[in-house]
Each structure stands twice: as structure tokens, then as C-alpha cells.
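Let's take a friendly walk through a protein model together. Keep the picture open beside you and look up each part as we come to it.

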Amino acid sequence: MRNHPGQAVEVDEGPTHRAETVTIRPAQLSDVADILRLINGYAAQAIMLPRTEVELCEGLRDFLVATVDGELVGCGALHFYTSHMAELRSLAVAPDHTRSGLGQQIADAILEQARQFGVDVVFAFTYVPQFFEKIGFQIVARAALPLKAWKDCLRCPMFNACDEIAMAYFVTPGAEVHMAAEPPEQPYVEGPLVMPTLGKPRILDKQPQRHRGTEKKE
């Protein structure tokens with residue numbers, strides 16, 4: 001999924017200095033409505049993929065959420081694909097908490113989860129590569145991550161013109177070998193295996209446009 005940890009990521013230098021209590025914890029069913037508002041607010045600007053309540057509930061155990069003084073202001077997920085590879089996805093921070101370091105805090109917590117589970121490679125598809133480079137990701141060829149296409153990409157509205165940037169974080173030495181894994185005997189999707197059409201990668205402007213007619217998406 002596309003990731004948008006906040007605008008002006010170049011100046012996202014560290015944890016917030018405001019007098020707030022930040023908590024990062026596993027998502028609960030009571031968080032679903034807030035997560036949907038956060039993700040689909042960015043989806044309305046075509047910088048994240050939309051989610052439905054059913055999809056979110058099915059994958060809720062993948063999610064961590066960030067709260068500030070009890071208010072949900074960020075989320076992110078670690079989704080497993082094989083015993084070696086997982087995706088960092090659905091990373092988002094509420095517009096009024098960008099430039100605070102909160103996106104990096106969520107990402108760091110997800111990468112720590114990956115280490116604890118023994119994941120070798122964590123990959124991400126994003127329009128904000130600067131943010132991910134700061135936390136140790138490297139740009140990789142999109143075609144080097146076919147598992148993403150086998151399972152999820154057929155549902156993506158950008159399937160015929162994929163413009164996301166693929167990035168990978170290598171948790172263990174020599175983990176690059178796992179990106180060249182052969183496809184499983186039974187593909188994850190019904191019907192013939194079809195790879196997405198790769199368009200020109202898109203990088204978000206430093207100041208993304210606000211959703212039409214609103215100042216906030218929550």
C-alpha cells in the first residue's frame with residue numbers, strides 16, 4: 001500500500017517537542033473508524049490507497065497506532081508475505097501532527113516488530129522516498145518485488161500505470177537474496193499471473209495539496 005507519513009518529510013527531524021503523551025500500541029477494533037478516516041482522507045488526494053472497513057478489520061492485527069493524549073493521530077502496518085519478507089504499509093500521520101517525528105516513531109516500531117519476528121526484508125511502496133531513506137530503506141526495482149503483484153496489485157486502481165517507488169530495508173546481512181525468490185507453485189491470485197504496468201515513478205511535492213474544501217481530513 002502507499003505510504004504517506006506526513007508532509008514536508010525533509011524536516012521531520014525527530015520526536016515531537018510539544019508537551020504531549022505519545023503512545024504506540026497494537027490497533028484495536030475500537031480504532032477502526034479513526035484509522036479509516038486517516039487513511040481515506042489521504043486516499044481522497046490520491047496519495048494512499050483507500051481501505052474499506054472489511055479490509056481493515058481483516059488485517060487489523062497488522063496495525064500499530066499512535067495516540068497523543070488519547071487521540072489516534074497515526075497508524076502503520078507490517079504485513080507478512082513469506083517467512084522472509086514483509087511490507088511496511090498504510091503508514092500515515094494526521095495532518096496536524098506532521099513535522100513532529102511521529103511518522104518515524106511508528107516506522108521504527110514496525111521495523112522493531114520485523115526484527116522480533118525474524119523478518120529478513122521489509123519493503124514499502126511510497127511517494128515519499130526521502131522519508132524512507134532517512135530510516136535506512138533503499139530504492140529497489142519495482143519488478144524485484146513480485147509477491148506484491150501476485151496478491152494485492154490486481155485490486156489497485158493504478159494497476160495499469162503503477163507510479164509508486166519501491167524501497168526495501170534489509171534487516172539481516174545478505175537479505176537481498178530473498179528478493180529473488182521464485183514464485184510459489186500456486187499463485188496467490190486466481191487466474192493467470194499478470195504483472196502491473198510500470199509507469200514513471202511519482203514523488204510527492206514537499207507541500208501536498210489539501211483535500212478540496214477542507215483544512216483537515218479528520
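A good place to begin is a pair of neighbouring strands: S3 and S4 run antiparallel and are joined by six bridges. One of the links to find is the one from valine 68, whose bridge partner in S4 is glutamate 71. Before going further, keep in mind that what you are looking at is a predicted model.

Now look at the turn itself. S3 and S4 make a hairpin with two residues between the strands. Aspartate 69 is found in this loop between S3 and S4, and its phi is near 50°, a positive value in a residue other than glycine. Is aspartate 69 buried or exposed? With a relative accessible area of 55%, aspartate 69 is above the 50% cut-off, so it counts as exposed.

Follow S4 onward and you reach the next hairpin, in which four residues lie between S4 and S5. Here too the strands run antiparallel, and six bridges join S4 to S5. Leucine 78, for example, has leucine 88 in S5 as its bridge partner. S4 therefore pairs with S3 and also with S5. How much of S4 is covered? Mostly covered is the answer, since eight of its 10 residues are buried. As you look along strands like these, a general pattern helps: in a regular strand the side chains alternate between the two faces of the sheet.

Stay with S5, which spans residues 85-93, and find serine 90 within it. The phi of serine 90 is near 55°, again a positive value in a residue other than glycine. Serine 90 has a relative accessibility of 2%, which is under the 20% cut-off, so it counts as buried. Which side chain does the side chain of serine 90 touch through a polar contact? The partner is the side chain of arginine 51, at 3.3 Å.

Next, turn to helix H1, made of the 12 residues 32-43. From its first C-alpha to its last it reaches 16 Å, close to the 16 Å expected at 1.5 Å a residue. Several residues of H1 are buried, including Val32, Ile35, Leu36, Leu38 and Ile39. To make sense of such a list, remember that an α-helix has 3.6 residues a turn, so residues three or four places apart point the same way. What covers the buried residues of H1? Among the covering parts are helix H2 (53-58) and the strands you have just visited, S3, S4 and S5.

Aromatic rings make good landmarks too. The structure holds six aromatic pairs. One of them joins tyrosine 81 and phenylalanine 123; the pair is tilted, with 5.5 Å from centre to centre and 45° between the planes. Tyrosine 81 lies in the loop between S4 and S5, while phenylalanine 123 belongs to strand S6 (residues 121-126), so this pair ties together parts that are 42 residues apart in sequence. Both tyrosine 81 and phenylalanine 123 are buried. Phenylalanine 123 also pairs with phenylalanine 125, this time edge-to-face, at 6.0 Å centre to centre and 85° between the planes. The relative accessible area of phenylalanine 123 is 1%, and phenylalanine 125 is buried as well, at 4%. Elsewhere, Phe131, Phe132, Phe137 and Tyr169 form one aromatic cluster.

Let's step back to the whole chain. It has five helices and eight strands, and from the N terminus on they run β-β-α-α-β-β-β-α-β-α-β-α-β. Of its 218 residues, 50% are buried. Among contacts between residues at least 6 apart in sequence, 79% join residues at least 24 apart.

Finally, how confident is the predictor? The mean pLDDT of the chain is 79, and 67% of the residues reach 70 or more. Among the elements, strand S3 (residues 63-68) has the highest mean, 97, and helix H5 (residues 146-151) the lowest, 64. Two stretches call for care: pLDDT stays under 50 over residues 186-193 and over residues 206-218. Where pLDDT is low, the predicted coordinates should not be read in detail.

Definitions and conventions:
Residues are numbered from 1 along each chain as its sequence is written. This is a predicted model: local features need pLDDT of at least 70, side-chain atom pairs count only at pLDDT 80 or more; totals for chains, interfaces and linings use all residues. Side-chain values use heavy atoms; hydrogens and water are left out. Buried means under 20% relative accessible area, exposed over 50%, partly exposed in between (1.4 Å probe, protein chains only). A polar contact is a pair of N or O atoms within 3.5 Å; within protein, one must be able to donate a hydrogen and the other to accept it, and residues adjacent in sequence count only if both atoms are side-chain atoms. Rings of Phe, Tyr and Trp (its six-membered ring) pair if their centres lie within 6.5 Å; planes under 30 degrees apart count as stacked, over 60 as edge-to-face and the rest as tilted. pLDDT is the predictor's confidence in each residue, from 0 to 100. Contact means heavy atoms within 4.5 Å. The expected span of a helix is 1.5 Å times one less than its number of residues.
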